[in-house]
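Biologist: Before we discuss this model, could you show it to me, so that I can ask how its parts come by their names?

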Amino acid sequence: NHAEMATLPLGFNVDAPRWDQSTFLGRLKHFLNITDPRTVLVPEEELDRAKALVEGCRAGLVPPGSSQEQLLYAKKLYDSAFHPDSGEKMNLIGRMSFQVPGGMALTGCMLQFYRTVPAVVFWQWVNQSFNAIVNYTNRNAASPISLRQIGVAYVTATGTALATAVGLNLYTKRAPPLLARWVPFAAVAAANCVNIPMMRQQEIINGVTVTDGDNNELGCSRRAAVKGITQVVVSRITMAAPGMIILPIIMERLEKFPFMQRIRVLHGPLQVLLCGGFLLFMVPAACALFPQRCSLALVDLEPELRDSIVAKHGDKVPYVYFNKGL
């Protein structure tokens with residue numbers, strides 16, 4: 001079948017990002033592209049075709065007549081559905097492109113049902129289960145994690161979220177009503193600080209593989225793992241913040257209007273829609289805060305790893321690079 005295959009358009013590298021990843025704007029365009037929620041609706045066969053096309057591109061062979069647009073669309077589908085390290089198809093719920101529909105439903109419900117303890121417990125539990133799936137799906141796949149570790153991470157994060165939410169809920173009974181509406185955000189932020197490091201503890205224990213500028217492996221660094229995971233935690237909290245902080249203020253104002261009091265049934269759906277609006281922009285913006293290919297200065301590495309790099313490469317490697325996960 002090689003006779004029917006055409007060669008690639010000149011200078012086209014399917015793995016090179018289309019936009020400059022060293023600028024925030026370039027990263028924002030990149031993530032707007034791969035977190036596009038419309039890709040969730042693409043049928044499995046089309047995703048598999050996109051994967052075959054991308055792999056063909058890597059081998060330098062594509063079906064004749066393939067335009068650069070088609071190749072870029074295949075790449076977009078591939079990036080949205082397949083893991084960057086392992087190339088395996090990710091489960092639908094864990095994909096970044098599902099963050100907007102999944103996140104908007106959950107955030108809307110957490111913001112709507114914050115008044116009673118059972119409702120708080122239920123929605124925080126559902127949200128942490130969703131988070132656990134997302135964190136597991138987007139981990140750095142070079143660091144395998146055991147089922148027991150996943151279980152411990154899940155229980156700890158859910159426990160943290162519930163303790164924060166229920167504790168603050170009781171505390172805000174005497175506080176202004178707006179404070180009570182901010183409890184879900186505090187719970188989500190606290191849980192993220194636990195859920196992500198726990199889910200990715202293998203990376204902190206064993207380190208992540210770091211490479212030089214040309215992708216040659218140099219060893220494993222725990223400090224790199226900590227830097228990458230910290231950035232992911234900041235991104236995730238930023239992702240949730242505008243919707244969960246600004247939306248309660250908007251709803252607080254709106255609910256004072258008589259027409260809003262007449263349509264109480266629609267408050268939940270309205271919050272879900274507004275959350276969707278925030279997340280459509282915030283998911284890519286939060287992912288774009290830091291480069292996906294994270295770097296760490298040689299001087300910040302563990303002394304033994306630094307010494308081994310200097311022994312081998314002298315001063316040719318001022319920075320090391322690694323995939324921080326999402």
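**Helix, cores and cavities**

Modeller: This is a predicted model, and in it the buried residues of helix α3 pack against α1 (24-34), α2 (44-58) and β2 (61-62).

Biologist: What makes the reach of α3 close to the one expected for a helix?

Modeller: Helix α3 covers residues 68-81, which is 14 residues, and from its first C-alpha to its last it reaches 20 Å. At 1.5 Å a residue the expected value is 20 Å, and the reach is close to that.

Biologist: Why are L71 and Y78 of α3 called buried?

Modeller: The word is kept for residues with under 20% relative accessible area, and the buried residues of α3 include L71 and Y78, so each of these falls under that cut-off.

Biologist: Which residues touch the most other members of the largest nonpolar core?

Modeller: Of its 30 residues, they are F31, M104, F185, M239, M244, L279 and C287. Helix α11 gives the most to this core, with 7 residues, and the core draws at least three residues from each of domain 1 (24-89) and domain 2 (96-206 + 220-288).

Biologist: Why is C287 said to be in contact with F31?

Modeller: Contact requires heavy atoms within 4.5 Å, and F31 is among the contacts of C287 once neighbours within four places in sequence are left aside, so this pair meets that limit.

Biologist: What makes the largest empty space a cavity rather than a pocket?

Modeller: In a cavity a 1.4 Å probe fits but cannot get out, whereas a pocket is open. The largest cavity holds about 250 Å³ of space, and α9 gives the most to its lining, with 5 residues.

Conventions:
Residues are numbered from 1 along each chain as its sequence is written. This is a predicted model: local features need pLDDT of at least 70, side-chain atom pairs count only at pLDDT 80 or more; totals for chains, interfaces and linings use all residues. Side-chain values use heavy atoms; hydrogens and water are left out. Helices (H or I, at least four residues) and strands (E, at least two) are DSSP runs, numbered from the N terminus. The expected span of a helix is 1.5 Å times one less than its number of residues. Buried means under 20% relative accessible area, exposed over 50%, partly exposed in between (1.4 Å probe, protein chains only). A nonpolar core is a set of buried Ala, Val, Leu, Ile, Met, Phe, Trp, Tyr and Cys residues joined through side-chain atoms within 4.5 Å. Domain bounds come from an automatic or database domain assignment. On a 1 Å grid over the protein atoms alone, a cavity is a set of points where a 1.4 Å probe fits but cannot get out, and a pocket is an open set with protein on both sides within 12 Å along at least five of seven lines; lining residues have an atom within 4 Å of a point. Grid points are joined across faces, edges and corners, and a volume is the space filled by probe spheres set on the points.
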